[in-house]
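Let's take a walk through this model, starting with how its helices pack and then moving on to its cores and charged pairs. Keep the 3D view open as you read.

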Amino acid sequence: MTRPVAIVTGGGRGIGATIAARLAEDGHDVAVLDLSEDACQESCAAVKAHGARALAIAADVSDEVAVERAVRQVSETLAPPFVLVNNAGILRDRTVTKMSLEDWNAVINVNLKSVFLTSRTCFPYMMKGGGGRIVNLSSTAALGTFGEANYSAAKAGVIGLTKTLALEGGRHAITANVVAPGFVVTEMTRAVADRNGLEFEGLVEQMKRETCVGRVGRPEDVAQAVSFFADRRSSYTTGQLLFVAGAPRG
Ligand code: NAP
């Protein structure tokens with residue numbers, strides 16, 4: 001039997017790398033997209049270790065032409081995508097009076113515009129293939145976070161966009177859902193600690209106290225939720241927002 005193909009953006013490290021490996025373990029072939037092909041190699045090796053085919057593609061997901069080229073390459077090399085995981089994301093934290101338009105645009109483009117571009121490009125392939133699964137990464141920051149006007153707005157936008165994709169995709173057997181993590185240990189959160197002059201372990205202790213499960217998140221926690229939404233059998237679950245944050249949110 002042919003394995004369904006999944007695209008994971010920002011799959012070179014962190015949560016995206018773990019999602020790529022998990023989807024391979026679940027039975028998918030995986031295309032790993034990141035800013036450079038080199039950044040994808042380790043993730044591709046992990047995908048192959050599960051007996052899956054892997055494809056590394058350098059693509060800036062905020063670039064319309066790059067996205068179209070990447071999805072075409074996936075379709076021609078592996079097969080048209082059944083799963084699209086929009087995971088690529090960046091931070092440019094500043095309080096609002098200090099936030100430049102460049103900080104605003106960069107974050108909106110990578111975290112929100114990219115989800116529109118990849119979804120718009122994958123939709124026709126999924127329609128032709130008889131269906132698909134779109135899983136978008138938001139964040140608890142969508143509820144508002146000090147110093148993250150750009151990121152909060154982008155991650156809230158992802159929720160509205162996903163619900164609309166669910167409405168428009170339903171009749172084509174395409175589902176669209178959102179996973180919104182709380183604090184997860186990755187390079188992204190280490191950089192937050194560095195930028196704020198905090199010891200990472202101190203930040204982890206602080207974030208632990210904001211959960212009710214007494215620990216912070218791991219990339220595997222997020223991959224577990226993505227795996228459910230990406231499953232072919234999850235065809236009656238669409239337009240949903242799932243917080244993976246160790247505590248009730250929303
Ligand atoms: P990460 O460690 O910074 O990884 C993000 C990946 O995306 C990196 O490989 C990065 O490449 C890539 N990327 C950045 N801009 C890109 C672009 N324009 N095109 C293609 N790839 C790009 O982040 P993470 O912590 O794993 O986060 C993954 C997702 O989860 C993000 O959407 C983030 O907002 C969300 N999230 C994370 C947390 C958390 O606590 N970590 C919480 C809530 C939500 P480079 O390394 O080259 O920059």
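H1 and H8 are oblique to each other, since their axes cross at roughly 50° and come within 9 Å. Keep in mind that we're looking at a predicted model here. H1 passes H8 in a right-handed crossing. On the H1 side, the residues that meet H8 are Gly14, Ile15, Thr18, Ile19, Arg22 and Leu23. Their partners on H8 (residues 219-230) include Pro219, Val222, Ala223, Val226 and Ala230.

H1 has another helix to deal with, namely H2. Helix H1 spans residues 14-25 and helix H2 residues 37-48. These two are roughly parallel to each other, and their crossing is right-handed. The contact set features Ala17, Ala20, Ala21 and Ala24 from H1, which meet Ser43, Ala46 and Val47 from H2.

Then there's the H4 and H5 pair. How do H4 and H5 lie relative to each other, roughly parallel or oblique? They cross at roughly 15°, and angles under 35 degrees count as roughly parallel, so H4 and H5 fall into the roughly parallel group. H4 passes H5 in a right-handed crossing. From H4, the residues involved include Trp104, Val107, Ile108, Leu112, Val115, Phe116 and Phe123. Facing them from H5 are, among others, Tyr151, Ala153, Ala154, Val158, Leu161 and Leu165.

Here are the axis values for the three pairs just described.

| Helix pair | Axes come within | Crossing angle |
|---|---|---|
| H4 and H5 | 8 Å | roughly 15° |
| H1 and H2 | 8 Å | roughly 20° |
| H1 and H8 | 9 Å | roughly 50° |

Zoom in on isoleucine 108, which is found in helix H4. Is isoleucine 108 buried or exposed? Its relative accessible area is 16%, so isoleucine 108 counts as buried. Leaving aside its neighbours within four places in sequence, isoleucine 108 is in contact with Lys113, Asn150, Ala153 and Ala154. Of these contacts, Asn150, Ala153 and Ala154 also appear among the H5 residues that meet H4. Leucine 91 sits 17 residues away along the chain from isoleucine 108, and their C-alpha atoms are separated by 9.8 Å.

Now for the nonpolar interior. The largest nonpolar core has 36 residues, and the members that touch the most other members are Ile7, Ala31, Leu33, Ile57, Val74 and Ile134. Which elements feed it? At least two residues each come from strands S1 (5-9), S2 (29-34), S3 (54-58) and S6 (174-181), and also from helices H3 (64-77), H4 (101-129) and H5 (149-169). H4 gives the most to this core, with eight residues.

Valine 74 is a handy one to click on. Not counting its neighbours within four places in sequence, valine 74 is in contact with Val5, Ile7, Ala31, Leu55, Ile57 and Ala79. Apart from this core lies another, of 29 residues, with Ala20, Val30, Val135 and Val184 among them. Ala20 also turned up earlier, as one of the H1 residues that meet H2.

On to the charged side chains. How many salt bridges does the structure hold? There are ten salt bridges. One of them joins lysine 208 to glutamate 205, with the closest N and O atoms 3.1 Å apart. Lysine 208 and glutamate 205 both lie in helix H7 (residues 200-209), three residues apart, or about one turn of the helix. Lysine 208 is partly exposed, at 28% relative accessible area, and glutamate 205 is partly exposed as well, at 36%.

Another salt bridge pairs aspartate 221 with arginine 215 at 2.8 Å, N to O. Arginine 215 is partly exposed, with a relative accessible area of 31%. Aspartate 231 and arginine 233 also meet in a salt bridge, at 2.7 Å from N to O. With a relative accessible area of 72%, arginine 233 is exposed. Elsewhere, Arg3, Asp29 and Arg53 are joined into one network by salt bridges that share partners.

One backbone detail to finish. Alanine 173 is found in the loop between H5 and S6, and its phi is near 65°, a positive value in a residue other than glycine. Alanine 173 is partly exposed, with a relative accessible area of 41%.

Notes
Residues are numbered from 1 along each chain as its sequence is written. This is a predicted model: local features need pLDDT of at least 70, side-chain atom pairs count only at pLDDT 80 or more; totals for chains, interfaces and linings use all residues. Side-chain values use heavy atoms; hydrogens and water are left out. A salt bridge is a side-chain nitrogen of Lys or Arg within 4 Å of a carboxyl oxygen of Asp or Glu. Helices (H or I, at least four residues) and strands (E, at least two) are DSSP runs, numbered from the N terminus. Buried means under 20% relative accessible area, exposed over 50%, partly exposed in between (1.4 Å probe, protein chains only). A nonpolar core is a set of buried Ala, Val, Leu, Ile, Met, Phe, Trp, Tyr and Cys residues joined through side-chain atoms within 4.5 Å. Contact means heavy atoms within 4.5 Å. Axes are lines fitted to C-alpha atoms, for helices over the stretch in contact, and angles run from 0 to 180 degrees between N-to-C directions. Angles under 35 degrees count as roughly parallel, over 145 as roughly antiparallel, 65 to 115 as roughly perpendicular and the rest as oblique. A crossing is left-handed if the near helix is turned anticlockwise from the far one by less than a right angle, and right-handed if clockwise.
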